[in-house]
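Me: Could you walk me through how the labels for this structure follow from the numbers behind them?

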Amino acid sequence: MDVIEVLNNIYEPICTIKTNLQNKLKTQSLEFSTGYYNNHTIKGGKGNWITEFYPIPVITVGSFCDIGIDVNLIFVETKMERSKAIKFKYSSLLPYKFEVYGIDEYLLDFYNEFMDVKDIGEKIGHSNEKQVGINFTFMKDCSIDDIILLINKLISFDTFTI
């Protein structure tokens, strides 16, 4: 198998998901833009940080969130202002798989699946972060409706990307 075939085998399903998500966003009258971006940092299987040098499609929904379609998963990223993040009831985001982290210190986890959801606000309060990031992960074969449901929640929570 040559390099182009390998890359097409990887990217074709990613592009199909991107198209399906865009079509669903259009039916919901949600504004969006799309680009391809590289240099995402992800946690590897052993908890180590890995830089992805290859580009993946990212759909920015209004000013509310980014949806990234990665090789192994789909992620939704958003931000929240410090004052709101300290008081926010993160248990309302369960059962989604999510992480809360610093924007300035993006390797600083306020919450991941191994931490108690009740401690997030207090941890943010003890930090110097002015904003926090929230990252949700979905399996690649998830329902697009589940992602749209999350996006509508994020809009109601007044999250942002800028």
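**From values to labels**

Reply: Happy to, starting with His40. Leaving aside residues up to four places away in sequence, His40 touches Ile50, Thr51, Glu52, Ile56, Val58 and Phe75. Please keep in mind that this is a predicted model.

Me: Thanks! Why does His40 count as buried?

Reply: Its relative accessibility is 17%, and buried means under 20%, so His40 counts as buried. His40 is found in strand S2, residues 40-43.

Me: And what makes Phe98 count as buried?

Reply: The value for Phe98 is 4% relative accessibility, so Phe98 falls under the 20% cut-off and counts as buried. Phe98 lies in strand S7 (residues 97-102). Beyond residues up to four places away in sequence, the residues Phe98 touches include Tyr90, Leu93, Ile134 and Phe136. Asn135 is another residue that Phe98 touches; the two C-alpha atoms are separated by 5.4 Å, although the residues are 37 apart along the chain.

Me: Why does Leu7 count as partly exposed?

Reply: Leu7, in helix H1 (residues 3-27), has 42% relative accessibility. Partly exposed covers values between the 20% and 50% cut-offs, so 42% gives Leu7 that label. Leu7 also belongs to a nonpolar surface patch with Met1, Val3, Val6 and Ile10, with about 480 Å² of accessible area together.

Me: What makes the contact between Lys24 and Asp145 a salt bridge?

Reply: The closest N and O atoms of Lys24 and Asp145 are 2.9 Å apart, and the rule asks for a side-chain nitrogen of Lys or Arg within 4 Å of a carboxyl oxygen of Asp or Glu, so the pair qualifies. Lys24 lies in helix H1 and Asp145 in helix H4 (residues 144-156), so this salt bridge ties together parts that are 121 residues apart in sequence.

Me: How do you know that Lys97 and Glu113 meet in a salt bridge?

Reply: For Lys97 and Glu113 the N to O distance is 3.8 Å, so the pair meets the 4 Å limit. Lys97 sits in strand S7 and Glu113 in the loop between S8 and helix H3 (120-125), 16 residues apart. By this rule the count comes to three salt bridges.

Me: One last thing: why are strands S1 and S8 said to stand at the edges?

Reply: The open sheet has seven strands in the order S1-S4-S5-S6-S9-S7-S8, with antiparallel pairing. Strand S1 (32-37) and strand S8 (109-111) each have a single partner strand, so one side of each is left without a neighbour in the sheet.

Notes:
Residues numbered from 1 in each chain as written. Predicted model: local features only at pLDDT ≥ 70, side-chain atom pairs only at ≥ 80, totals over all residues. Heavy atoms only, no water. Pairing = 2+ DSSP bridges. Helix = DSSP H or I, 4+ residues; strand = E, 2+ residues; numbered from the N terminus. Patch = residues over 30% accessible without salt bridge, like charges linked within 9 Å, V, L, I, M, F, W, Y side chains within 5 Å. Areas by Shrake-Rupley, 256 points an atom, 1.4 Å probe, with all protein chains shown as cover. Buried < 20%, exposed > 50% of the residue type's maximum accessible area, 1.4 Å probe, protein only. Contact = heavy atoms within 4.5 Å.
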